[in-house]
Amino acid sequence: MAVNVVESKEWYLAGYAAEGVPTTDHLTLRSVPLSLSLDSIPDAYVAVQLLFISVDPYLRTRMSGQEDGLYFPQFSLNQVITAFGVGRVMRSKDEKYSEGDIVLNAFFPVAEYCVVPSSVLIRKIDPEAGIPLPEYLSCLGVPGFAAWVGIEVLGEAKPGSNAFISAAAGGVGMVAGQLAKLKGCRVIGSTGSDAKVRLVKEEFGYDDAFNYNKEVDFDATLSKYFPNGIDIYLENVGGKMLEAVLNHVNPHARIPVCGMISQYNQIWTEREGVRNLLNIVGKEVRMEGFLVGSYLDRFADFTVEMEGYLKQGKISSKIKIYEGIQNFAESLGSLFSSSNFGKVVIEVNKPR
């Protein structure tokens, strides 16, 4: 018999966190009844059972209560949080979608079940394509797309370029380094532990990497690893590392700015400044911030290319899966731990 009403657990924002990592003081789990009967579903809507939810650093910037930095709209207090996710259609009032379809959406509620407009669904996923579903939130999701835009579109990676990837073992960095290698670049990464240095070299194909926590002088470190200068720097951390990079960029270097995770938990007056921005002028460097939402017209191109790499085994990833929606707050906090690596995903319900 079809289930018509479910108790759905969901996370909502109880209070903004201007500084530090959001905790259960700011994020609250509640249970709400949700009707899945066809009569209660509006036309052009679908009822979805969430399977996997993506946990990404940008979510933190929507919980500060301040309009700065990434300038993403803030989550509303007492309203459910949204995130990239993969789900299964349970009921449909849209002829384009049928029960059992696996779908991708950038704005699923962080919940076990939901009813959403079918217009917000990005695409259907073929579960028989040979690609694990969590990869659609990793290499084929926000991190992979950000890496692709940064390396291929803005970084203009080409054979012989010297590429530097910060946060190299993170969700974006692990993909970015592999893409740069596929384009013929020499790739160096920075990470926060010796274990992650080994990971990016042995599993993601980096030419070399260093543990920034062991380096006392980033300027000297970059002189060692980039004797011929830096052509592409994928910026993920900000602060002192960016300042050091600007002393080693080659003329016409490209610096795609994907994020600055070292500064997400600080108010802007406490963040580290960069003192040598004038180098951008003298070296004619193109430093450009970007949001993946501005490149959605390229998402289909990215998907075709990345699916090909995954099926051919040319790109791999590390995905840490938290089981159960109750672990959302913990998983978000883990993104800012020096022990974190790879992509973080929550398995909400077991795929069939």
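This is a tutorial dialogue on reading the sheet, the helices and the ring contacts of a predicted model.

User: Let's start with the sheet. What is the order of the strands in the open sheet of six?

Analyst: Happy to begin there. The strand order is E10-E9-E8-E11-E12-E13, and the pairing is parallel. Strand E10 (208–211) and strand E13 (286–289) form the edges, each pairing on one side only. From one strand to the next, the twist averages 15 degrees.

User: Which strands are joined to E8, and by how many bridges?

Analyst: Look at both sides of the strand. E8 runs parallel to strand E9 (residues 186–191), with four bridges between them. E8 also runs parallel to strand E11 (residues 230–234), joined by three bridges. A handy residue to follow is Ala163: its bridge partner in E9 is Val187, and in E11 it stands opposite Ile232. You can then carry on from Ile232 to Arg254, its bridge partner in E12. E11 and strand E12 (residues 249–257) are parallel too, with two bridges joining them.

User: Which way do the side chains of E8 point, and are they buried or exposed?

Analyst: Strand E8 covers residues 162–165. Asn162 and Phe164 point one way, Ala163 and Ile165 point the other way, and all of them are buried.

User: How does the chain get from E8 to E9, and what is the handedness of the crossover?

Analyst: Trace the path through the helix. After E8, the chain passes through helix H3 (residues 173–182) before reaching E9, and this β-α-β crossover is right-handed.

User: Which strands do helices H2 and H5 lie across?

Analyst: Take them in turn. Helix H2 (residues 142–154) lies across E8, E11, E12 and E13, and runs at about 150 degrees to E12. Helix H5 (residues 218–225) lies across E8, E9, E10 and E11, and runs at about 165 degrees to E10.

User: Now the aromatic rings. What describes a pair of them?

Analyst: Two values do the job: the distance of the centres and the angle of the planes. This structure holds 12 aromatic pairs. One of them joins Phe164 and Phe226, edge-to-face, at 5.5 Å centre to centre with 65 degrees between the planes. Phe164 belongs to strand E8 and Phe226 to the loop between H5 and E11, so the pair ties together parts that are 62 residues apart in sequence.

User: What are the relative accessibilities of Phe164 and Phe226?

Analyst: The cut-off to keep in mind is that buried means under 20% relative accessible area. Phe164, at 0%, therefore counts as buried, and Phe226 is buried with 2%.

Another pair to look at is Phe290 with Tyr295: the planes are at 85 degrees and the centres 6.5 Å apart, so this pair is edge-to-face. Phe290 is buried at 7% relative accessible area, and Tyr295 is buried at 16%.

User: Which residues do ring pairs link into a cluster?

Analyst: The cluster is made up of Phe164, Phe210, Tyr225, Phe226 and Tyr233. You have already met Phe164 as a buried residue of E8.

User: One last feature. Which charged residues lie over the rings of Tyr12 and Tyr97?

Analyst: For Tyr12, look for Arg30: its charged end sits over the ring, 4.1 Å from the centre. For Tyr97, the residue is Lys124, which lies over the ring face at 5.4 Å from the ring centre.

Note on methods. Residues are numbered from 1 along each chain as its sequence is written. This is a predicted model: local features need pLDDT of at least 70, side-chain atom pairs count only at pLDDT 80 or more; totals for chains, interfaces and linings use all residues. Side-chain values use heavy atoms; hydrogens and water are left out. Buried means under 20% relative accessible area, exposed over 50%, partly exposed in between (1.4 Å probe, protein chains only). Two strands pair if DSSP finds at least two bridges between them. A crossover is right-handed if, with the strands pointing away from the viewer, the path from the first strand over the helix to the second runs clockwise. Axes are lines fitted to C-alpha atoms, for helices over the stretch in contact, and angles run from 0 to 180 degrees between N-to-C directions. Contact means heavy atoms within 4.5 Å. Rings of Phe, Tyr and Trp (its six-membered ring) pair if their centres lie within 6.5 Å; planes under 30 degrees apart count as stacked, over 60 as edge-to-face and the rest as tilted. A charge sits over a ring if NZ of Lys or CZ of Arg is within 6 Å of the ring centre and within 35 degrees of the ring normal.
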